[in-house]
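Please find below my notes on the model, set out as numbered points for a colleague who will want the cut-offs beside the values. They take up the ligand, the open and closed spaces, and some backbone details.

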Amino acid sequence: MLIHVRKKSDVASSEITPRDVYVNRRDFIGQSAAFVAGAGLTPRLLDSAGAPPRQELQDDLTPFEDVTTYNNYYEFGMDKRDPVRNSGDFVPVPWSVEVGGLCNKPGTYAIEDLIRQDEVVERTYRMRCVEAWSMVIPWMGVPFRSIISRLEPMADAKFVAFETVVRPEQMPGQRRVGGLDWPYVEALRIDEAAHPLTLMVTGLYGRDLLNQNGAPLRLVMPWKYGFKGIKSIVSITFTESMPPNTWNIQTPNEYGFYANVNPNVDHPRWTQARERRIGELRRRPTLMFNGYEEEVGHLYAGMDLTRWF
Ligand SMILES: Nc1nc2c(c(=O)[nH]1)N[C@H]1C(S)=C(S)[C@@H](COP(=O)(O)O)O[C@H]1N2
Ligand SMILES: [Mo]
């Protein structure tokens, strides 16, 4: 297998970057490239003897401070600072997820039963928002494929749909009139959902997710625009036909279902060829599938990637 998945328990204790190294930017700047190299995808890179290092080796982690204060989470407001400011009343424990549709193990699952601690891995991924900014984030979570296999989808299940919690009393953005319809919904084709890179995330920087990042449970698919990474998930449903997704409902000519990062298909109102990495001044080129083409390109073989945005 090309992708080496490191379980938390596999990591030698000397390799675990202590929390205060993460939190103190000055300390980890010098180590972050090495840390990215040690996580997720890179053993393959180190193995490919003689090949020039790929761009991920130059990617520094985005500081914890930025990852947790510059957010998109419209349930808490539309400005980047709103989620951290307005999510203090949100209570992510206890938590359960409704599983239904075309699978053999439907039911109400406590989060502890869905997320097995011995399956938690750490993965450092680039995240590219459709608004043309990006970050590099060390996530913790469980590969969604192992959750899927426990839920036993039936043969006619072609998609997986997700919903975010609706709690207007704790989420001021849901009390606003106009704007998005709630719940926020998203979906993946089942082979995308089962791809080894797709992570059901419970933490970042070695600690539990904060409310503004989608506590206690959110999705991350690093080759897709960030809006596919639905936060605070309360339902998972296996379906035969393609489910709707929030931003496509809202503005179908701007946001698609697949939403694969693609520098060659511009947003109607801005270019997608470049992006601003949070913390950097110069814009960098956006990579096809956000740099994960080797891993995920086969999922879209034969699709017209200029049409299926
Ligand atoms: N429920 C919900 N999930 C959401 C959003 C949202 O507004 N509501 N915003 C999305 C967008 S546009 C992005 S870029 C990412 C941002 O994740 P982050 O704030 O953890 O960086 O969350 C995605 N998930
Ligand atoms: Mo986004």
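1. The shell around ligand 1 is made up of seven nonpolar, six polar and three charged residues, where Ala, Val, Leu, Ile, Met, Phe, Trp, Tyr, Cys and Pro count as nonpolar, Asp, Glu, Lys and Arg as charged, and the others, Gly among them, as polar. This shell of 16 residues has Asn 71, Tyr 74, Glu 75, Gly 229 and Lys 231 as its closest members, a residue being near if one of its heavy atoms lies within 4 Å of the molecule.

2. The model is predicted, so that local features need pLDDT of at least 70 and side-chain atom pairs count only at pLDDT 80 or more, whereas totals for chains, interfaces and linings use all residues. Residues are numbered from 1 along each chain as its sequence is written, chains are lettered from A and ligands numbered from 1 in the order in which they are written, and side-chain values use heavy atoms, with hydrogens and water left out.

3. Polar contacts to the ligand (pairs of N or O atoms within 3.5 Å) involve both backbone and side-chain atoms of the protein. An oxygen atom of ligand 1 lies 2.8 Å from a polar backbone atom of Tyr 74, and a nitrogen atom of the ligand is 3.2 Å from a polar backbone atom of Asn 72. The side chain of Arg 218 places an N or O atom 3.0 Å from an oxygen atom of ligand 1. Of the 540 Å² of accessible area that ligand 1 has on its own, the protein covers 99%, the areas coming from the Shrake-Rupley method with a 1.4 Å probe.

4. Which space does ligand 1 take? The ligand occupies the largest pocket, by the criterion that more than half of its atoms lie within 2 Å of the grid points. On a 1 Å grid over the protein atoms alone, a pocket is an open set of points with protein on both sides within 12 Å along at least five of seven lines, a cavity is a set where a 1.4 Å probe fits but cannot get out, and lining residues have an atom within 4 Å of a point.

5. The volume of the largest pocket is about 560 Å³, a volume being the space filled by probe spheres set on grid points that are joined across faces, edges and corners. Its lining has 32 residues, with Asn 72, Tyr 74, Glu 131, Phe 227 and Trp 247 nearest the centre. Strand E4 (133-143) and helix H9 (246-250) are the elements that give two or more residues to this lining, and E4 gives the most, with four residues; helices (H or I, at least four residues) and strands (E, at least two) are DSSP runs numbered from the N terminus. By class, the lining has 19 nonpolar, eight polar and five charged residues.

6. The second largest pocket holds about 400 Å³ of space and is lined by 20 residues, of which Ile 111, Gln 117, Thr 202, Asp 208 and Pro 216 lie nearest its centre. Helix H6 (111-114), strand E7 (199-204) and strand E8 (207-208) each give two or more residues to that lining. Pro 216 is also notable for its backbone, as the peptide bond to it from Ala 215 is cis, with omega near 0 degrees, in the loop between E8 and E9.

7. How many cavities of 30 Å³ or more does a search of the whole structure find? There are four, and the second largest has about 70 Å³ of space. It is lined by 13 residues, including Met 127, Val 220 and Lys 224, with strand E3 (121-128) and strand E9 (218-220) giving two or more residues.

8. Most residues other than glycine have a negative phi, and most peptide bonds are trans. Glu 152, in the loop between helix H7 (144-151) and E5, has a positive phi of about 55 degrees. The bond from Trp 182 to Pro 183 is cis.

Note on methods:
A polar contact is a pair of N or O atoms within 3.5 Å; within protein, one must be able to donate a hydrogen and the other to accept it, and residues adjacent in sequence count only if both atoms are side-chain atoms.
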